[in-house]
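User: I am new to this structure and would like to go through it in questions and answers. Please explain each term when it comes up.

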Amino acid sequence: MAAWTWVRHARFLSPFYWRRLDRAPPDHFRLTLPPLWDEPDAEGEVPAARDAASKETNARDATALLEGTFVFFGESHRLGESDSTWLPDKSTPAWRAELHAFAWLTALRSLDTPLAHDRAREMIGRWIADHGHWHPVSWRPDVVGRRVTAWLEAAEGLLSTVGDPLSAPFLASLGRQGRYLIDAAALAAPGLPRIQAFTGLALATLALPLPPDLQRAAEKSVASLSELILTEDIRPDGGVIERCPSVQLLVTEALLTVRAAYGLAQATPPAALSLALDRCVPVLRFFCHGDGALALFNGGQEESATRIGRVLDVAGGGSKIPQGAPHSGFQRLERGKSIVLIDCGSAQNGGRNEHAPPGLYPLGGAAHAGTLSLEVSDGRERLIVNCGAHLAANPRWRKAQRATAAHSALTLAERSSSDFDADGQITRGPTHVSVSRDESTDGVWLDLSHDGYIGPFGLLVQRRLFLASDGHDLRGEDRLVPGGGEMGYGVAPFVIRFHLHPSVTASLLQGGSAVLLRTKSGAGWRLRAAGASLGLSDSIYLGNGFDMNRSQQITLTGETDGAGATVKWALRREER
């Protein structure tokens, strides 16, 4: 652990600090918090395939938990009865943080069996016995925030009898963790980690009795953190600083959980909390395709459409969807049943924060080299996608999925528009991205550019898009134009990729004049291009972050000359 981190947390190593926290431990709950997101399927509702698969995976992982095996992010380790450290050999930082966060209690609770109930009680009791004092993993502020949230939501079902032997240590530990967050939540990394720490602090402040001085300190900390979240973690347009749709969902869920707790307590929430939700919710809608699930940008997954729908129902506030998120760097074109989502942000202002703890990527997203990449859907069917992110502990796959080639965008000389070092930090990328939007009765135009290739090639990338008013005609023009810098190559090969969703079949028409796309429902789309050679090749799709689904990609290949290059293409819906 870095020396500066030990210095920042020096006070937490003092036994006097913990004695202060342990005075007058709570002996009851002021408020019980029912799990907000454990919503059963509506009677007769047929879940989407991705939702059914997600439930099957959760059930399988929950069953493994009963046997002492914990599976997070595709990584599996067994926690032995004698393992008091809860840090198995060869486990990654992300896996360890997930274990100590106890979010997996939800999976155990879903089994609804006496064995699962006893297992949850046993694991909580073991953790209390083994982790009473500070450790850089188990007491990391965001981990504590998630654990406090998970324990409070599970408390009513776990402590079901009067005189329960787990009750006193459970309440005492919750009190200690909540009081710790009064001081520690502000030390969490910006973005999702800080919001998770804030959530645990706010819930503990509402649910547990505190001595008067700590009550005042807790309320002050909740108020100041909510202001910090509003000004630093959520952009003015409502997007989260990670620029990741999956993180947008997690943040919205967390803030709604806090709002619901204030409602149960019949207390007035901080004004900044309501303002943050007013900003966040429309952007969550913004990232949804016609199937109700999320677009794949910057480490995100599709997520469950049922889950997203539940979050939006709880949020309320109408169904208006913004067409642009200029501070976050995204645009949305929507006409008829067609939706086009475009990443217009630079990787340098959307990457991981330099103060984020290692291993944050599976929860917090990570910047991809996907500037000017796009996704296209037709009603509930996805056509053009980005490949997604691999969430398992596999650096090779993570690196490959962050590359520009894994996005529906232009790649020059097989080099990404952003470079990353061995730690995943951005070392080079676009510093300026321009966006101009024009709407009329005919449709909507979008003019975009980025300078990610100026340094190595002296070329500016421009992408112009037009979506017709009926949504049946999407036209594009991709250009490479001289823009200064140190020209690295006189002639450089380029590829414009359109990755296809696995449910789409593609056929290259005779002579390579066009590609015919056919969706699962039978709808047809035809893509033509000029200025490049049209081709088809294999691709993969990771909509859920783990399962690699085979798919295809359309490629437009060519070479630059002294004046750059221009490629025009059109994607039109075919009449049946």
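User: How many bridges join β6 to strand β7 (residues 381-385)?

Analyst: Strands are DSSP runs of E with at least two residues and helices are runs of H or I with at least four, numbered from the N terminus. Two strands pair if DSSP finds at least two bridges between them. β6 and β7 run antiparallel, and the number of bridges that join them is three.

User: What does the pLDDT of the protein chain average?

Analyst: This is a predicted model, in which local features need pLDDT of at least 70 and side-chain atom pairs count only at pLDDT 80 or more, while totals for chains, interfaces and linings use all residues. Residues are numbered from 1 along each chain as its sequence is written, and side-chain values use heavy atoms, with hydrogens and water left out. The pLDDT is the predictor's confidence in each residue, from 0 to 100. In the protein chain 89% of the residues score at least 70, and the average is 88.

User: How many contacts does the stretch of residues 350-365 have beyond near neighbours in sequence?

Analyst: The pLDDT over residues 350-365 is below 50. Where pLDDT is low, the predicted coordinates should not be read in detail. A contact means heavy atoms within 4.5 Å. Beyond near neighbours in sequence, the contacts of residues 350-365 in the model number 45.

User: Which residue in the turn between β6 and β7 has a positive phi?

Analyst: β6 and β7 form a hairpin with two residues between them. Asp378 has its bridge partner in β7, namely Glu381. Within the turn, a positive phi of about 60° belongs to Gly379.

User: How many of the residues of strand β6 (residues 374-378) are buried?

Analyst: Buried means under 20% relative accessible area, exposed means over 50%, and partly exposed lies in between (1.4 Å probe, protein chains only). In a regular strand the side chains alternate between the two faces of the sheet. In β6, Leu374, Val376 and Asp378 are buried on one side, and Glu375 and Ser377 are buried on the other. The count of buried residues in β6 is therefore five of five.

User: Which residue in β6 is the bridge partner of Val340?

Analyst: β6 also pairs with strand β5 (residues 338-343), to which five bridges join it. The two strands run antiparallel. The partner of Val340 in β6 is Val376.

User: Which strands stand at the edges of the open sheet?

Analyst: Eight strands form this sheet in the order β11-β12-β13-β14-β21-β18-β17-β16, with antiparallel pairing. Each edge strand has a single partner, so one side of it is left without a neighbour in the sheet. These strands are β11 (433-439) and β16 (505-508).

User: Which residue of β12 stands opposite Val435?

Analyst: β11 and strand β12 (residues 443-450) pair in the antiparallel sense over seven bridges. Opposite Val435, in β12, stands Leu448.

User: Is Arg463 buried or exposed?

Analyst: Arg463 lies in strand β13 (residues 459-468). Leaving aside neighbours within four places in sequence, its contacts include Leu374, Leu448, Glu477 and Phe498. A polar atom of its side chain lies 3.3 Å from the backbone oxygen of Ser408. With a relative accessible area of 2%, Arg463 is buried.

User: How many salt bridges does the count come to?

Analyst: Side chains of opposite charge can pair when their charged atoms come close. A salt bridge is a side-chain nitrogen of Lys or Arg within 4 Å of a carboxyl oxygen of Asp or Glu. By this rule the count comes to 26.

User: Which residue forms a salt bridge with Arg119?

Analyst: Arg119 is buried, with a relative accessible area of 8%, whereas its partner is partly exposed at 29%. The two are three residues apart in helix α6 (residues 114-130), which means that about one helical turn separates them. Their closest N and O atoms are 3.1 Å apart, and the partner is Glu122.

User: How many residues apart are Arg307 and Glu253?

Analyst: Arg307 and Glu253 form a salt bridge, with the closest N and O atoms 2.8 Å apart. Arg307 is in helix α13 (residues 305-315) and Glu253 in helix α11 (residues 245-264), so the pair links distant parts of the chain. Arg307 is partly exposed at 28%, whereas Glu253 is buried at 9%. The separation along the chain is 54 residues.

Note on methods:
Polar contact = N/O pair within 3.5 Å; in protein donor to acceptor, adjacent residues only side chain to side chain.
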